[in-house]
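Me: I have a new structure open and would like to go through it with you. Can you take some short questions?

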Amino acid sequence: MVIGADGVRSKARELVLGYVDKPKSSGYAVFRAWFSNKDMIQDPRTKHFCENGDTFNGWIGPDVHFLFSTIKNGQDCCWVLTHKDDADIEESWSFPGKLEDVYKVIEDWDPICKAIVEKTPSIVDWKLVYRDPLPRWVSEHGRIALLGDSAHPFLPTSAQGATQAMEDGVVLAVCLKRGGKNGVPASVRAYQDIRYERVCAVQKTGETTRDLWHKADWEKVAKDPASIQMPREDWIFRFDAERNAEEVFSKIVEVN
Ligand SMILES: Cc1cc2nc3c(=O)[nH]c(=O)nc-3n(C[C@H](O)[C@H](O)[C@H](O)COP(=O)(O)OP(=O)(O)OC[C@H]3O[C@@H](n4cnc5c(N)ncnc54)[C@H](O)[C@@H]3O)c2cc1C
């Protein structure tokens, strides 16, 4: 069998579906930057972000959020600014961005945001695209299976794309092992059936977390600051994909 794990711009996807599934604009874009801490540590307003190991900070405004983190023990800096964007995505959805556009979004914000952005040598303007869930991840004869982003791209606000790709890999391995060499197509279909609904539900969290931040009820947040934290839900984090696949495999193959 062939596993199409060729990422968000997958060519294998077309082989499985029989048509080109184009991404759609989500109505949002992310300005993204990654740079060394060298100018940050020269500035008394920003050096504390890099001096004592890694840090993670976020600022939320109306329909926009800015996340800044330091990585590699404070050596590198990274930020993302997710904001409304209606640009046409037909041509390209990732290209160099302009810092003036970032300044427009963060005008009147906490001045520390500008102090961070000023140190940024260059940015990427990355349109956030999404796809409706694919009708299937497995080819008609059960010999090609999509896995990871090629089957199900995630919005960054879910922070689950890589973990769900790994769960796919574990479940596919369990199914192939359980089905044996003579049962490959049935095992590959069982992989899709075991994974499909869970992945669609996790994909939705990309939208719900974005809306939690972008359409925040600030009176509620004032009473309960924890309500704005990134959700870490047990049904996602405490799930044992391998054990679950072992438990349900026989039943699913029987039904199919
Ligand atoms: C900024 C950012 C932050 C993220 N943060 C998180 C996070 O916090 N948590 C999380 O779980 N996920 C996160 N993700 C998502 C995660 O990176 C992806 O979901 C994950 O990498 C998908 O894995 P994949 O193996 O399906 O695809 P990829 O990692 O894209 O791998 C696909 C591979 O296939 C190769 N390839 C493509 N076409 C061909 C071809 N024709 N022939 C041969 N090789 C080919 C590519 O070069 C690539 O190596 C983040 C993504 C981004 C961009």
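Me: Which strand is Lys-127 in?
Reply: This is a predicted model. In it, Lys-127 lies in strand β7, which covers residues 124–130.

Me: Is Lys-127 buried or exposed?
Reply: Lys-127 is buried, at 5% relative accessibility.

Me: Which side chains does Lys-127 have polar contacts with?
Reply: Its side chain makes a polar contact of 2.9 Å with that of Asp-85. Another polar contact, of 3.1 Å, joins the side chains of Lys-127 and Asp-125.

Me: Salt bridges next. How many are there?
Reply: The count is 20 salt bridges. One of them pairs Lys-24 with Asp-132, where the closest N and O atoms are 2.5 Å apart.

Me: Where do Lys-24 and Asp-132 sit in the chain?
Reply: Lys-24 is in strand β2 (residues 24–36), and Asp-132 is in the loop between β7 and β8. The two are 108 residues apart, so the pair links distant parts of the chain. Lys-24 is partly exposed, with a relative accessible area of 36%, and Asp-132 is partly exposed as well, at 40%.

Me: And what about Lys-204 and Glu-207?
Reply: Their side chains meet in a salt bridge, 3.7 Å from N to O. Both residues lie in helix α6 (residues 184–214), 3 residues apart, which is about one turn of the helix. Lys-204 is partly exposed at 49%, and Glu-207 is partly exposed at 31%.

Me: Which residues are linked in a network of salt bridges?
Reply: Asp-43, Arg-45, Glu-118 and Lys-119.

Me: Changing topic to the ligand. Which residues come nearest?
Reply: There are 13 residues around the ligand, and Asp-149, Ala-159, Gly-161, Ala-162 and Thr-163 come nearest. Helix α5 (residues 161–179) gives the largest share of the shell, 3 residues. By class, the shell has 5 nonpolar, 5 polar and 3 charged residues.

Me: What lies close to the ligand's nitrogen and oxygen atoms?
Reply: A backbone N or O atom of Ala-159 is 3.1 Å from a ligand nitrogen. For Ala-162, a backbone N or O atom is 2.9 Å from a ligand oxygen. The protein covers 42% of the 990 Å² of accessible area that the ligand has on its own.

Me: Last topic: how many disulfides?
Reply: The count is 0 disulfides.

Me: Why is Cys-175 not bonded to Cys-200?
Reply: The sulfur of Cys-175 is 17 Å from that of Cys-200, its closest cysteine sulfur, and this is too far for a bond. A disulfide needs the two sulfur atoms within 2.5 Å. Cys-175 is also buried, at 0% relative accessibility.

Key: Residues numbered from 1 in each chain as written. Predicted model: local features only at pLDDT ≥ 70, side-chain atom pairs only at ≥ 80, totals over all residues. Heavy atoms only, no water. Buried < 20%, exposed > 50% of the residue type's maximum accessible area, 1.4 Å probe, protein only. Near = heavy atom within 4 Å. Polar contact = N/O pair within 3.5 Å; in protein donor to acceptor, adjacent residues only side chain to side chain. Areas by Shrake-Rupley, 256 points an atom, 1.4 Å probe, with all protein chains shown as cover. Helix = DSSP H or I, 4+ residues; strand = E, 2+ residues; numbered from the N terminus. Nonpolar A, V, L, I, M, F, W, Y, C, P; charged D, E, K, R; others polar. Salt bridge = Lys/Arg side-chain N within 4 Å of Asp/Glu carboxyl O.
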